[in-house]
Amino acid sequence: MTNEKEVRQALQGVIHPGLKKSLVDLGMIRDIIILGESVELTLALKAVQGPLRNRFVSAIEKIVKELPGITQVAVKITTLNQEEIEQLFPTIPLKGIEKVRHFYAVASGKGGVGKTTVAVNLALAFARNGFRTGLLDADVYGPSVPLMLALPDSLEEKEGMILPREKFGLRVVSLGMTAGETDAFIWRGPLVSKMIRHLLERVNWGDLDYLVIDLPPGTGDPSITIAQSIPQASILIVTTPQEVSLIDVRRSITLFQKHNLHIAGLVENMSSFRCSHSAQPIEIFGHGGGEKLSRETGLPLLAQIPFDLELGRSGDSGMPLLVSAPDSETSRIFLKVTSELAAQAGEVAR
Ligand SMILES: Nc1ncnc2c1ncn2[C@@H]1O[C@H](COP(=O)(O)OP(=O)(O)OP(=O)(O)O)[C@@H](O)[C@H]1O
Ligand SMILES: [Mg+2]
């Protein structure tokens with residue numbers, strides 16, 4: 001017997017050609033009802049007679065009819081509301097990111113779990129694997145990327161466009177570098193969104209394979225608003241192994257999913273501690289949180305990063321681990337994750 005979850009999973013295969021995401025992730029498939037051998041669902045489009053309507057309906061019918069025990073499919077059509085249309089199909093093209101191919105936003109339900117550390121080192125690992133990579137520090141509460149990369153807190157402009165700072169092979173922009181521009185902003189939801197869109201429009205990111213985005217902590221509005229400003233972004237969720245951290249992380253996963261944002265997977269940080277006195281890694285922050293969450297949510301556990309004093313120290317000194325010790329065991333974990341993400345996206349390093 002097929003259930004709603006299986007219908008949703010199967011329909012992940014119907015991709016919107018313009019937005020390059022599945023109709024399920026875009027929130028365009030709704031109200032799935034299964035009655036015996038028949039499935040009824042609603043497809044939400046920009047317009048009832050939209051140009052892609054027939055294509056979507058036939059793809060949905062074909063896929064659903066192939067599910068075990070299903071012989072009939074009824075697709076009702078509805079329209080997206082104005083807010084959803086603006087969200088999914090921004091009217092002003094974001095000029096600055098036109099030539100960016102993939103976006104990964106690093107998030108967590110909790111502060112201090114190592115989001116920035118992961119974002120910075122992942123970005124550097126993409127660059128080291130030969131990809132053209134940018135890093136956007138979108139932490140509205142406390143942008144810390146300038147500190148981790150020892151960058152000045154200002155940006156330069158050329159021909160009306162902001163230029164990212166170049167460091168260690170990355171192009172970097174941080175909210176901490178935009179003091180002059182952001183003075184007037186109070187960080188509330190709509191303004192956060194406006195500021196991020198402004199940065200994505202006005203920063204000349206140029207040709208990039210990857211743009212890694214460091215999101216603020218928590219499940220509050222800013223993370224969701226920022227992620228929604230870049231609907232094509234995939235989210236990477238950072239967690240630590242202990243149960244208390246999982247509670248917040250679960251909440252943030254639910255929230256991202258509710259807003260139809262695609263979650264690429266989980267990264268467990270501070271998994272274990274290797275010390276010179278013991279051959280066995282010590283699990284200071286508990287055990288198995290990432291694996292447990294992965295089983296519960298069906299999200300892949302992409303990496304387990306150990307508690308590594310050098311990783312912490314290097315970040316705090318402006319010379320991240322991927323730069324100071326690129327061949328270390330921990331650096332290799334970051335390199336492996338980026339290779340895997342690239343392989344998933346069918347990308348080949350240049
Ligand atoms: N695996 C690790 N091993 C050792 N130290 C780490 C590790 N990951 C992060 N740290 C250290 O922990 C502290 C917090 O990390 P980081 O700033 O990356 O967290 P964050 O989640 O971005 O925090 P915030 O919520 O404030 O943005 C930093 O001093 C960092 O160097
Ligand atoms: Mg941070």
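These are my notebook entries on one chain and its ligand, taken from a predicted model.

**Entry 1: the chain overall**

I began with the whole chain. It has 350 residues, and 48% of them count as buried. Going through the secondary structure, I got 13 helices and 15 strands. For the surface, I noted an accessible area of about 16,300 Å², with 52% of it belonging to carbon and sulfur atoms. Then I looked at how far along the sequence the contacts reach. Taking contacts between residues at least 6 apart in sequence, 72% join residues at least 24 apart.

**Entry 2: around ligand 1**

Next I pulled up ligand 1. Which residues come nearest to ligand 1? Out of the 18 residues around it, they are Gly 112, Lys 115, Thr 116, Thr 117 and Asn 269. I sorted the shell by class and found seven nonpolar, seven polar and four charged residues. I also checked which elements supply at least two shell residues each: α4 (115–128), β14 (262–273), β15 (301–307) and α11 (309–316) all do.

Then I went through some polar contacts. Two of them involve backbone atoms and ligand oxygens. A backbone N or O atom of Val 113 sits 3.1 Å from an oxygen atom of ligand 1, and a polar backbone atom of Gly 114 is 3.0 Å from a ligand oxygen. From a side chain, I found a polar atom of Asn 269 at 2.9 Å from a nitrogen atom of the ligand. How much of ligand 1 does the protein bury? Taken alone, the ligand exposes 630 Å², and the protein buries 79% of that.

**Entry 3: Asn 269**

Asn 269 had turned up among the nearest residues, and I wanted its own surroundings. I found it in strand β14. Is Asn 269 buried or exposed? It counts as buried, at 4% relative accessibility. Besides the ligand nitrogen, its side chain has a partner in the protein: a polar atom of that side chain lies 2.8 Å from the backbone oxygen of Val 113. So I have Val 113 down twice, because its backbone also has an N or O atom 3.1 Å from a ligand oxygen, within the 3.5 Å cut-off for a polar contact. I listed the contacts of Asn 269 too, skipping neighbours within four places in sequence. They are Val 113, Gly 114, Val 238, Thr 239, Thr 240, Pro 241, Ile 305 and Pro 306.

**Entry 4: aromatic rings**

I turned to the rings and found five aromatic pairs in the structure. One of them is Tyr 104 with Tyr 210, which is stacked, at 6.1 Å centre to centre and 15° between the planes. Tyr 104 belongs to strand β6 (residues 100–107) and Tyr 210 to strand β12 (residues 208–214), so far as DSSP runs go. That pair links parts of the chain 106 residues apart. I checked burial, and both tyrosines are buried.

Tyr 210 has another partner, Phe 131. Their ring centres are 5.2 Å apart and the planes stand at 80°, so I logged the pair as edge-to-face. Phe 131 lies in the loop between α4 and β7 (133–137), so its pairing with Tyr 210 ties together parts 79 residues apart in sequence. For accessibility, I noted Phe 131 as buried at 5%, and Tyr 210 as buried at 0%. Which residues form one aromatic cluster? I wrote down Tyr 104, Phe 126, Phe 131 and Tyr 210.

**Entry 5: positive phi**

I then looked at two non-glycine residues with positive phi. Ala 150 has phi near 45° and is found in the loop between α5 (145–148) and β8 (156–158). With a relative accessible area of 47%, Ala 150 is partly exposed. Glu 159 also has phi near 45°, and it lies in the loop between β8 and β9 (161–163). I put Glu 159 down as exposed, at 78% relative accessibility.

**Entry 6: Leu 335**

Last, I looked up Leu 335, which is in helix α13 (residues 329–344). It counts as buried at 18% relative accessibility, because the cut-off is under 20%. What does Leu 335 touch, leaving out residues up to four places away in sequence? I found Ala 125, Arg 128, Asn 129, Leu 322 and Pro 326. Asn 129 is 206 residues away along the chain, and its C-alpha is separated from that of Leu 335 by 7.2 Å.

Technical notes. Residues numbered from 1 in each chain as written. Chains lettered and ligands numbered in written order. Predicted model: local features only at pLDDT ≥ 70, side-chain atom pairs only at ≥ 80, totals over all residues. Heavy atoms only, no water. Near = heavy atom within 4 Å. Polar contact = N/O pair within 3.5 Å; in protein donor to acceptor, adjacent residues only side chain to side chain. Areas by Shrake-Rupley, 256 points an atom, 1.4 Å probe, with all protein chains shown as cover. Helix = DSSP H or I, 4+ residues; strand = E, 2+ residues; numbered from the N terminus. Nonpolar A, V, L, I, M, F, W, Y, C, P; charged D, E, K, R; others polar. Buried < 20%, exposed > 50% of the residue type's maximum accessible area, 1.4 Å probe, protein only. Contact = heavy atoms within 4.5 Å. Phe/Tyr/Trp six-rings, centres within 6.5 Å; stacked < 30°, edge-to-face > 60°.
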